[in-house]
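Trainee: Before we look at the model, I would like to know how each label on it is justified.
Mentor: Ask about them one at a time.

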Amino acid sequence: MDRIILHIDMDAFFAAIEVLDRPELQGKPVIVGGTTNRGVVSTASYEARSFGVHSAMPIFQAREKCPHGVFLPVNMKRYKDMSGIVMKILEDFTPLVETVSIDEAYLDITGMEDLMGTPEQIARRIKERIYDETRLTCSIGIAPNKFLAKVASDMHKPDGLTIITADEADTFLAALPVERIPGVGKSTVETLKRYGIKSAGEIKTLSKDRLLRRFGKFGLRLHELARGADSSPVVPLREIKSISAEETLSYDTGNLSLLSNKIQDQADMVAGRLRNHGLKGKTISIKIKFSDFTAVTKAQTIASATDSSRMIFYNALQLLADQPLKKKVRLIGVEVSNLLKESEDAQMSLFPIGPDEERERKLDKAIDEIREKFGRKVIKRGGA
Ligand code: TTP
Ligand code: MG
């Protein structure tokens with residue numbers, strides 16, 4: 001299955017925060033990095049960039065280029081606090097958030113579309129929430145891997161939203177200057193230019209062997225990036241404690257077969273995300289919020305950790321069946337916690353063979369039995 005990766009990068013981050021805190025600076029060339037001439041520019045507002053000012057430029061040079069610019073010192077604590085707010089918003093969407101710098105993160109939203117909308121809708125929601133809560137804009141790239149997502153987020157800054165599909169990758173890379181490839185520094189650019197290569201796509205004309213000989217291991221990466229390939233996973237810095245999916249229903253309901261369908265979709269999604277990250281979980285819970293906004297969470301812990309859609313569905317369904325529903329349901333969700341890495345799962349390594357048919361068959365039967373109890377045949381079947 002193709003992954004769906006988002007790259008989020010705040011626009012002119014330090015400068016945007018300064019403007020936020022001093023609205024009179026709106027529309028002015030703002031340069032953050034210090035007020036003395038000894039330092040370098042941390043960042044510049046887009047207005048200042050139009051004068052040629054950019055990050056890492058010596059301040060004295062920025063003053064030459066933009067004499068009427070507003071030069072401000074770095075207030076790192078303020079930026080860090082703001083970064084924390086942004087990252088927390090991202091984690092509300094998925095725990096699979098990899099923070100790569102103070103204003104930049106990757107999200108893996110694979111498998112979330114069914115519940116949360118298209119990747120574009122999810123990205124718009126993220127932009128909206130960030131803006132609502134911080135009054136700052138960001139740019140988002142959506143692509144099948146981290147490299148292309150980063151390229152995409154950079155394409156329509158500020159306040160951009162760009163999608164690069166696998167099919168479009170070649171076109172984008174043909175136009176991407178090699179210096180925009182993450183990890184490519186001055187000397188690599190020089191070498192590539194000597195080979196007559198200016199765009200990322202043109203790297204394809206060099207053989208894998210030649211790239212390896214010339215650039216070592218990084219050459220192999222260039223070989224892949226030139227083809228728009230990047231298998232590196234989104235690695236959350238914080239340990240993932242649980243994976244969940246929940247949905248506020250479009251109307252309150254007491255219809256068990258509908259709720260069971262929701263739980264099945266959510267179990268599929270949670271299982272998919274567990275598998276994506278090589279995780280399995282032992283505790284399965286459901287969360288129900290009723291029409292009067294009261295809520296319950298019911299959990300059960302199973303003997304061996306699982307990443308199977310049906311196992312999660314079965315346990316969640318059991319919890320639902322045991323839960324008296326006196327009021328209509330407004331929100332329903334499934335969560336798997338008590339996680340362990342596949343590599344830590346002793347049982348896994350003892351029996352590393354494929355699906356256990358007997359177990360699957362029993363599970364199917366058990367699921368059918370609970371569904372019987374719901375009094376209605378539920379149409380949707382299948383799963384992972
Ligand atoms: P960037 O995301 O590279 O830049 P930016 O957010 O200011 O602008 P853009 O709209 O192009 O994304 O970096 C994020 C912040 O990190 C930036 O606001 C300031 C800081 N920074 C430095 O302090 N020094 C640097 O050389 C760079 C590149 C960034
Ligand atoms: Mg930025």
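Trainee: What makes the pair formed by the side chain of Arg49 and ligand 1 a polar contact?
Mentor: This is a predicted model, and in it an N or O atom of the Arg49 side chain is 2.7 Å from an oxygen atom of ligand 1. A polar contact needs a pair of N or O atoms within 3.5 Å, so this pair counts.

Trainee: Which backbone atoms lie at such distances from ligand 1?
Mentor: A backbone N or O atom of Ala12 is 2.8 Å from a ligand oxygen atom, and a polar backbone atom of Phe13 is 3.0 Å from an oxygen atom of ligand 1. The limit is 3.5 Å, so the Ala12 pair qualifies, and so does the Phe13 pair.

Trainee: How much of ligand 1 does the protein cover?
Mentor: On its own, ligand 1 has 550 Å² of accessible area, and the protein covers 69% of that. Elements giving two or more residues to the shell are β1, α1 (13-21) and α2 (46-49).

Trainee: Which residues come nearest, and how is the shell divided by class?
Mentor: There are 13 residues around ligand 1, and Ala12, Thr43, Tyr46, Arg49 and Asp103 come nearest. The shell has five nonpolar, three polar and five charged residues. Arg counts as charged and Ala as nonpolar.

Trainee: Why are β5 and β8 called edge strands?
Mentor: The order in the open sheet of five strands is β5-β6-β1-β7-β8, with mixed pairing. β5 (97-101) and β8 (161-163) each have a single partner strand, so one side of each has no neighbour in the sheet. Neighbouring strands here are turned by 15 degrees against each other on average, direction ignored.

Trainee: How do you know that β5 pairs with β6?
Mentor: Four bridges join β5 to β6 (residues 104-108), and the two run antiparallel. Pairing takes at least two bridges, so the two strands pair. The bridge partner of Ser101 is Glu104 in β6.

Trainee: Which helices lie across this sheet's strands, and at what angles do they run?
Mentor: Helix α4 (residues 76-93) lies across β1 (5-10), β5 and β6, at about 5 degrees to β6. Helix α6 (residues 119-134) lies across β1, β6, β7 (138-143) and β8, at about 160 degrees to β7. Angles between N-to-C directions run from 0 to 180 degrees, so α6 and β7 point in nearly opposite directions.

Trainee: What makes β12 a partner of both β9 and β10?
Mentor: Eight bridges join β9 (residues 242-253) to β12 (residues 329-341), and 11 join β10 (residues 279-290) to β12. At least two bridges are needed, so both pairings hold. Both are antiparallel. In β12, Ile332 stands opposite Glu247 and Val336 opposite Ile284.

Terms used. Residues are numbered from 1 along each chain as its sequence is written. Chains are lettered from A and ligands numbered from 1 in the order in which they are written. This is a predicted model: local features need pLDDT of at least 70, side-chain atom pairs count only at pLDDT 80 or more; totals for chains, interfaces and linings use all residues. Side-chain values use heavy atoms; hydrogens and water are left out. Contact means heavy atoms within 4.5 Å. A residue is near a molecule or strand if one of its heavy atoms lies within 4 Å of it. A polar contact is a pair of N or O atoms within 3.5 Å; within protein, one must be able to donate a hydrogen and the other to accept it, and residues adjacent in sequence count only if both atoms are side-chain atoms. Accessible areas come from the Shrake-Rupley method with a 1.4 Å probe; for residues, only the protein chains shown count as cover.
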